[in-house]
Amino acid sequence: YLFVAIPKFEYSLVKENKADNKYYCIDNGLRSVLMNTLSEDNGKLLENTVFLQLRRNADLTTKITYYKSKKECDFVVEEKQEVKALYQVTWTLNDENTRQREIDGITEAAKATSCTNLYILTMDEERTITSNGYSIKVMPVWKWLLA
């Protein structure tokens, strides 16, 4: 298989099975060839890299899903049916609209899952953002990969 599906986060298995999946490629180089995009899609390549690392570090008790309601959060990581971490992936937070979209998505997911381990992974930014009572760690993907 060349693509891996991740389900939408739901507390109900029936709802999870009815929801649309998101797909990630098993290799970024292969993704670039298969998708044949005309523009550089750095954000999607970064997101695919994060997925591959989450999957690589997963064991049999780990489940990787995505959250979507009014807003979206790229990855919800559960271990033994408990949400352990939420991840948003974006190339940069320099654009105000992008920053707000990423923050809104992860804080909505945090409220829905009661998770407080929140990350926004970027190409090279690092800081902590406080929003809606949540502390969000912004860090470069390379640093997260090495942790």
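What follows walks through a sheet in this predicted model, the two helices set against it, and two buried residues, Thr-107 and Val-89.

The sheet comes first. It is open, has six strands and mixed pairing, and reads E3-E4-E5-E6-E8-E7 in order. Strand E3 (62-68) and strand E7 (127-131) sit at the edges, each pairing on one side only. From one strand to the next, the twist averages 30°.

Going in from the E3 edge, six bridges tie E3 to strand E4 (residues 72-79), and the two run antiparallel. Within that pair, Thr-65 has Val-76 in E4 as its bridge partner. The next pairing, E4 with E5, is again in the antiparallel sense, this time over five bridges. Here Glu-78 faces Val-83 in E5. E4 and E5 make a hairpin with two residues between them, and Lys-80 in the turn takes a positive phi of about 50°. Past E5 the sense is parallel: four bridges link E5 to E6. One residue to look for is Gln-88, whose bridge partner in E6 is Ile-120. As for exposure, E5 is mostly covered, with six of its eight residues buried.

Two helices lie against these strands. Helix H3 (residues 42-57) crosses E3, E4, strand E5 (82-89) and strand E6 (118-122), and runs at about 5° to E4. H4 also packs on the sheet, where it touches E3, E4, E5, E6, E7 and strand E8 (134-140). The direction of H4 makes about 170° with that of E5. In terms of connectivity, E5, H4 and E6 build a right-handed β-α-β unit.

H3 itself holds few surprises in its length: its 16 residues reach 23 Å from first C-alpha to last, close to the 22 Å expected at 1.5 Å a residue. The buried residues of H3 are Leu-46, Glu-47, Asn-48, Val-50, Phe-51, Leu-52, Gln-53 and Leu-54. An α-helix has 3.6 residues a turn, so residues three or four places apart point the same way. In H3, the buried set includes Leu-46 and Val-50, and also Glu-47 and Phe-51.

Val-89 gives a closer look at the H3 side of things. This residue belongs to strand E5 and counts as buried because its relative accessibility is 5%, against a cut-off of 20%. Leaving aside neighbours within four places in sequence, Val-89 is in contact with Leu-46, Glu-47 and Val-50, as well as with Asp-74, Phe-75, Glu-102 and Leu-121. Leu-46, Glu-47 and Val-50 are themselves among the buried residues of H3. Another buried H3 residue, Asn-48, is 41 residues from Val-89 along the chain, yet their C-alpha atoms are 9.2 Å apart.

Thr-107 does a similar job of illustrating H4. It is found in helix H4 (residues 96-113) and is buried, since its relative accessible area is 2%, under the 20% limit. The polar side chain still has partners. Thr-107 reaches the backbone oxygen of Ile-103 with its side chain at 2.9 Å, and a polar contact of 3.3 Å joins the side chains of Thr-107 and Asn-132. Beyond four places in sequence, the contacts of Thr-107 are with Ser-131, Asn-132, Tyr-134 and Ile-136.

Note on methods:
Residues are numbered from 1 along each chain as its sequence is written. This is a predicted model: local features need pLDDT of at least 70, side-chain atom pairs count only at pLDDT 80 or more; totals for chains, interfaces and linings use all residues. Side-chain values use heavy atoms; hydrogens and water are left out. Buried means under 20% relative accessible area, exposed over 50%, partly exposed in between (1.4 Å probe, protein chains only). A polar contact is a pair of N or O atoms within 3.5 Å; within protein, one must be able to donate a hydrogen and the other to accept it, and residues adjacent in sequence count only if both atoms are side-chain atoms. Contact means heavy atoms within 4.5 Å. Two strands pair if DSSP finds at least two bridges between them. Axes are lines fitted to C-alpha atoms, for helices over the stretch in contact, and angles run from 0 to 180 degrees between N-to-C directions. The expected span of a helix is 1.5 Å times one less than its number of residues. A crossover is right-handed if, with the strands pointing away from the viewer, the path from the first strand over the helix to the second runs clockwise.
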